[in-house]
Amino acid sequence: MNKDITAQFLEHNDNNINDCVNDIINNDLVIFPTETVYGLGGNALNENAIKKIYKIKKRSIKNPLIVHVSDWKMGSIYCDVNHVEQKLILKLVNKFWPGPLTLLVKKSSFISDLVTAGSNYVGLRCPDNKIALELIQKSMFPIAAPSANISGKVTSSYHKHLLEYFRNDKIKILYDKEPCKFGIESTIIKINNNEITLMRPGMITLDEIKETLKNDDVIYEYKSLVNQSNSPGTDISHYKLNKNTLLFNFIDINLLNSDKKTMQNIISTTKKYIDNSVCVDFGKKNIKYRDLFAGYVDLSSKGDIKEACYNLYNVLHQLNTIEVKNVLIFDFYYGKEGLFNTLFDRVFRCSSGKRICIPIQLLENI
Ligand code: TXA
Ligand code: MG
């Protein structure tokens with residue numbers, strides 16, 4: 001790669017894996033792909049390595065790190081679960097591991113408070129990616145890794161995204177030529193006795209979890225975006241772009257019962273605003289209005305929600321590079337289940353929960 005880049009991009013081969021394994025063993029950091037997004041990893045059992053992660057990511061030490069393991073045999077060493085929890089966990093790992101499901105479970109004393117930000121719960125995840133698994137297996141350490149981006153910024157789901165954050169860091173990046181398979185972070189559930197709380201929606205849906213545990217007596221809870229604001233790492237403002245970003249939908253301004261002049265004002269102000277905006281659409285819902293916007297991109301023109309999740313971070317990275325004032329994300333996802341809920345979680349945070357309503361009257365002559 002380019003000479004003015006300090007980070008070392010390494011393709012997957014035995015030599016490069018061995019170099020990276022050595023870095024993990026020596027408590028240095030390595031960036032690696034997973035099936036969800038890239039991770040910024042270090043030896044989970046070494047406090048110096050953990051401190052380096054918080055530092056390079058510019059992450060608050062109040063925001064804990066997920067610990068990556070190669071299977072449940074390894075995972076079970078780092079948690080301290082009771083009989084009820086164990087039974088549920090075994091069913092879940094048999095079904096979903098390796099894969100995009102992180103289990104938040106009571107930690108064992110091997111895991112330091114620095115990894116969990118003082119909590120007695122640790123997030124355990126077994127990634128479904130051969131490079132990630134090889135790194136864990138060969139180093140024989142669990143690997144603590146947050147997503148490989150600067151705190152609060154857009155997640156990296158493709159090796160080129162990493163340049164934006166780590167080009168000047170002395171760090172090895174094991175990369176995959178292809179983008180990460182799913183492109184969006186893992187689902188996180190907390191297991192406390194027979195209570196399961198969905199902490200972060202991801203690729204695996206709550207319905208799939210319920211189906212797997214349908215013969216067990218489980219109480220489910222979902223932390224909605226609104227009441228999560230006090231939990232670590234669930235800041236309403238996340239995945240931040242370098243542009244003003246809002247969710248958008250339509251409103252019939254006749255409902256406002258305003259006089260004609262006020263209505264005209266609302267329409268012309270909105271028009272000026274969207275003149276300077278890119279529309280981020282789903283399923284071509286707004287394609288006929290595309291000329292109203294300065295730019296138009298569709299997360300999935302065929303309306304496939306899995307594809308939209310896969311494309312989201314790549315589209316957000318692209319939007320960071322173009323010259324336009326605002327990004328307007330069509331809010332098609334709110335109030336829906338499954339992957340729609342996952343996508344809503346991400347776009348809601350990306351827009352810090354801000355919204356704009358476009359008068360339908362603006363569209364009448366189109
Ligand atoms: O797909 C993923 O999960 C990726 C890949 C690299 O594995 N990782 C990832 O890590 O998304 P991160 O740090 O960007 O997001 C993990 C979230 C954070 O919001 C963090 O606060 C939460 O999980 N978390 C981790 N450990 C926790 C703990 N012990 N208690 C509560 N929340 C925890
Ligand atoms: Mg992250």
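Guide: A disulfide is a pair of cysteine sulfur atoms within 2.5 Å. This is a predicted model, in which local features need pLDDT of at least 70, side-chain atom pairs count only at pLDDT 80 or more, and totals for chains, interfaces and linings use all residues. Side-chain values use heavy atoms, with hydrogens and water left out.

Visitor: How many disulfides does a search of the whole structure find?

Guide: The search finds zero disulfides.

Visitor: Why is Cys20 not bonded to the closest cysteine sulfur?

Guide: The closest cysteine sulfur, in Cys180, is 16 Å from that of Cys20, which is too far for a bond.

Visitor: What makes Cys20 count as buried?

Guide: Buried means under 20% relative accessible area, exposed over 50%, and partly exposed in between (1.4 Å probe, protein chains only). Cys20 has a relative accessible area of 0%, and is therefore buried.

Visitor: Why is Cys357 called partly exposed?

Guide: Its relative accessibility is 44%, so Cys357 counts as partly exposed. The sulfur of Cys357 is also too far for a bond, at 14 Å from the closest cysteine sulfur, in Cys279.

Visitor: What makes the approach of Ser186 to ligand 1 a polar contact?

Guide: A polar contact is a pair of N or O atoms within 3.5 Å; within protein, one must be able to donate a hydrogen and the other to accept it, and residues adjacent in sequence count only if both atoms are side-chain atoms. A side-chain N or O atom of Ser186 lies 2.6 Å from an oxygen atom of ligand 1. Arg59 likewise places a polar side-chain atom 2.8 Å from a ligand 1 oxygen.

Note on methods: Residues numbered from 1 in each chain as written. Chains lettered and ligands numbered in written order.
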